[in-house]
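Trainee: Could you take me through one part of this structure slowly? I would love a close look at a single helix, and then a word on the ligand's surroundings.

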Amino acid sequence: MSAEILDGKAAAAAIKSDLSARVAALKQRGVTPGLGTLLVGDDVGSQKYVAGKHRDCAAVGIASIQRELPVTATQEEVEAAVAELNEDPACTGYLVQLPLPRGLDANRVLEAIEPAKDADGLHPTNLGRLVLGEPAPLPCTPNGVIALLRRHGVELNGAHVVVVGRGVTIGRSIPLLLTRRSENATVTQVHTGTRDIAAHLRQADVIVAAAGVPHLVKPEDVKPGAAVLDVGVSRDEHGKIVGDVHPGVAEVAGWLSPNPGGVGPMTRAMLLQNVVEAAERAADG
Ligand SMILES: Nc1nc2c(c(=O)[nH]1)N[C@@H](CN(C=O)c1ccc(C(=O)N[C@@H](CCC(=O)O)C(=O)O)cc1)CN2
């Protein structure tokens, strides 16, 4: 068997084309959505991700607001930059790029974001709304995983999904999305405290691997025909991405998201979608 590729680049291009039309319609109503980013420090990967987000904005007609602070920035300086973005009328939604440099309290920074401008869906109020089943911006990577599975007709209703990892941007929130009535999946979450991860993986109809451990998911741990999403990012000695999924899984899985080219582009597309939806909500009053 050779897995069907869950092509995130193609799916993101289709979403962006739809968003371009929605942005044009908003502009006709006198509303220009604007995405702000706050980047603290000089992490090369974060710089690249933020640059990609602004390229996407330009491609769909969203205005860009870029704020940068040095690695030496204090908690107060970061929170002051957040307060400015909260007040900036040109910035209809924004995010603080994670991770923040050591010594800064990311939770306090996330809590300072105005929930109505939270483009990442990571503010506690918005995560709480998700728990309560109320409308909220959805966390981008989890939402991108689900959009990619839907586009390829992977059944989630009744499926057993095993999520590997418990980080803030995906592991913590993806079970909340997958267990909504609209998705109706059953979720097992495994992490560094789990005794036998492979035993859980072998039961899964869908695996979402977001641990950041190179080749953690091996071919012998995957049920034939399962859908496998590779979300983990590690780098080899040449700086090349190494995912959480062993390349041999392609011979066992029914569907496989490549890494790069899978969930990453979807994360960016879902961010734009959050910005456009927030601007539409504001325009509709
Ligand atoms: N505030 C946030 N911080 C972080 C998030 C997030 O959703 N919000 N997620 C990640 C980083 N990230 C977005 O910020 C992100 C990661 C990867 C990609 C992507 O398109 N990757 C490409 C490969 C790029 C490369 O070659 O390095 C791919 O997968 O094809 C986009 C966004 C952590 N921080």
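Mentor: Happy to; here is a walk along helix α3, followed by the shell around the ligand. Please keep in mind that this is a predicted model. Helix α3 covers residues 75-87, 13 residues in total. From its first C-alpha to its last it reaches 19 Å, close to the 18 Å expected at 1.5 Å a residue. Now look at which side chains turn inward: the buried residues of α3 are Val78, Ala81, Val82 and Leu85. Seen down the axis of α3, these buried residues fall within an arc of 100°, so they line one face of the helix. The general rule behind such a pattern is that an α-helix has 3.6 residues a turn, so residues three or four places apart point the same way. Turn to the other side of α3 and you meet Glu76 and Glu87, which are exposed. As for what lies over the buried residues of α3, the cover includes the strands β2 (34-40), β3 (63-69) and β4, together with helix α4 (106-112).

Strand β4 (93-96) also leads us to the ligand, since β4 supplies at least two residues of its shell, as do α2 (44-60), α6 (140-151) and α9 (263-284). The largest share, 4 residues, comes from α9. In total, 19 residues surround the ligand, and the closest are Tyr49, Leu95, Leu98, Pro260 and Gly264. By class, the shell has 8 nonpolar, 8 polar and 3 charged residues. Domain 1 (29-115) and domain 2 (140-264) each contribute at least three residues to the shell.

Definitions and conventions. Residues numbered from 1 in each chain as written. Predicted model: local features only at pLDDT ≥ 70, side-chain atom pairs only at ≥ 80, totals over all residues. Near = placed C-beta within 6 Å. Nonpolar A, V, L, I, M, F, W, Y, C, P; charged D, E, K, R; others polar. Domains from an automatic or database assignment. Expected span 1.5 Å × (residues − 1). Buried ≥ 20, exposed ≤ 12 C-beta atoms within 10 Å, placed from the backbone. Arc of directions from axis to C-beta. Contact = placed C-beta atoms within 7 Å.
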